[in-house]
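Here's a protein to explore, one piece at a time. Have a look at the fold, then read on for a short tour.

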Amino acid sequence: ATTTTTTIQINPISQTQPLSSAQIHLIGVEPRFRDLIEKHGHPSFIGPIPLHESGSSHNALCRIVVFQQLSTAAARTIWNRLQDVCSGSITPKIILDLETEKLRSAGLSARKVEYLKNVSTQFQSGSLSDSNLKSMNEEQISTTLRSIKGFGPWSVDIFRMFYLLHDDVLPLGDLGLKKGIAKFFGLSSTKLPSPNEIEKLTFKWKPYRSVAVWYMWRLLDT
C-alpha cells in the first residue's frame, strides 16, 4: 500500500496566530493538549538541528550523524569545527576527499567519520539526491536510509520531521518522547512505555503525531 505524507507548515511561536488544523485535532481527541498549546504556542520545527535550513538532504543527514548520542552543545561545537575543516562547504565530494584523520580533528569518532563517508558515497554516486528523497513515501525513505550504515530508525524519523517536515512521524526510539508520554498520561516514571504502548496511546493523534511529539518534548521543559 502507498503511504501519502503531508508536511508541517513552519510558523514562529506566536500566541496571536489562529490554531492550526493539527492543534484543533489534538485538542479534539485529547483536551489536555489545550494547556500545552496555550503555554507553548505554535510548534517550531527548527529545533537544535536546524535541518530545514541546511540547504540539502546530504547536509541534513550529515548533521544528524554529528548530533547522534551527543548533547546539543557538544554536537554544535563539533559541527562548527567540521564546517571549518571543510572550508565552510560540507559536500559529498569534500567529505570523500578528506582523510579520516582530518575529519576526526573536528572531534568526530572514527565510526561517525565512516557514517559520513557512507552517506556521502550515496550522494556522490547519484544513488541519493534531494529530488529522489523528497519524492519518496514513508516506507521508501525508511528502507533507503536504513540501508546506509549509521542510519537507524531514530535518524530516519528526525530527518522526516525536521528536514522533510512530515507531520505524522512518531520517533519510537526517542527517550524524550518516552518520558513525555509517561508524564502526559501519568504513567510510572520508573518504567517507560514500550513502543507498542506508545503506538496505542498515540493512535488517536494521527495524522499529526509530529506536532504532538513536539508538545511531549515541551512537556519535559515544565
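## Inside and outside

Of the 222 residues in the protein, 45% are buried. Keep in mind that you're looking at a predicted model. On the outside, the protein exposes about 11100 Å², and carbon and sulfur atoms supply 51% of that area.

## The overall build

How many helices and strands are there? The count comes to 13 helices and 0 strands. Walk along the sequence and you'll meet the pattern α-α-α-α-α-α-α-α-α-α-α-α-α.

The chain also brings residues together across the sequence. Take the contacts between residues at least 6 apart in sequence: 64% of them join residues at least 24 apart.

## The nonpolar core

In soluble globular proteins, nonpolar side chains tend to be buried together. Here, the largest nonpolar core has 62 residues. Which members touch the most others? They are Phe33, Leu61, Leu82, Leu145, Phe159 and Trp205. Helix H13 gives the most to this core, with 8 residues.

Let's zoom in on Trp205. Setting aside neighbours within four places in sequence, Trp205 is in contact with a string of residues that includes His25, Leu26, Val29, Glu30 and Phe33. Further along the chain, its partners include Ile181, Phe184 and Phe185, as well as Ala212 and Met216.

## Where H2 meets H13

Now for a pair of helices: H2 covers residues 33–40, and H13 covers residues 209–219. Their axes come within 10 Å and cross at roughly 75°. An angle from 65 to 115 degrees counts as roughly perpendicular, so that's the label for H2 and H13.

Who does the touching? From H2 come Phe33, Leu36, Ile37 and His40, while H13 brings Ala212, Trp214, Tyr215, Met216, Arg218 and Leu219. Sort the residues of this contact by type and you get 8 nonpolar, 1 polar and 1 charged. You've met Phe33 already, as one of the core members touching the most others.

## A buried arginine

One more stop in helix H13: Arg209. Is Arg209 buried or exposed? Its relative accessible area is 10%. Buried means under 20%, so Arg209 counts as buried.

What does Arg209 touch? Leaving out residues up to four places away in sequence, Arg209 touches Asp167, Asp168, Val169, Leu170, Glu199 and Thr202. Look at Asp168 in particular: Arg209 and Asp168 are 41 residues apart along the chain, yet their C-alpha atoms are separated by 4.6 Å.

How values were computed:
Residues are numbered from 1 along each chain as its sequence is written. This is a predicted model: local features need pLDDT of at least 70, side-chain atom pairs count only at pLDDT 80 or more; totals for chains, interfaces and linings use all residues. Side-chain values use heavy atoms; hydrogens and water are left out. Axes are lines fitted to C-alpha atoms, for helices over the stretch in contact, and angles run from 0 to 180 degrees between N-to-C directions. Helices (H or I, at least four residues) and strands (E, at least two) are DSSP runs, numbered from the N terminus. Angles under 35 degrees count as roughly parallel, over 145 as roughly antiparallel, 65 to 115 as roughly perpendicular and the rest as oblique. Contact means heavy atoms within 4.5 Å. Ala, Val, Leu, Ile, Met, Phe, Trp, Tyr, Cys and Pro count as nonpolar, Asp, Glu, Lys and Arg as charged, and the others, Gly among them, as polar. Buried means under 20% relative accessible area, exposed over 50%, partly exposed in between (1.4 Å probe, protein chains only). Accessible areas come from the Shrake-Rupley method with a 1.4 Å probe; for residues, only the protein chains shown count as cover. A nonpolar core is a set of buried Ala, Val, Leu, Ile, Met, Phe, Trp, Tyr and Cys residues joined through side-chain atoms within 4.5 Å.
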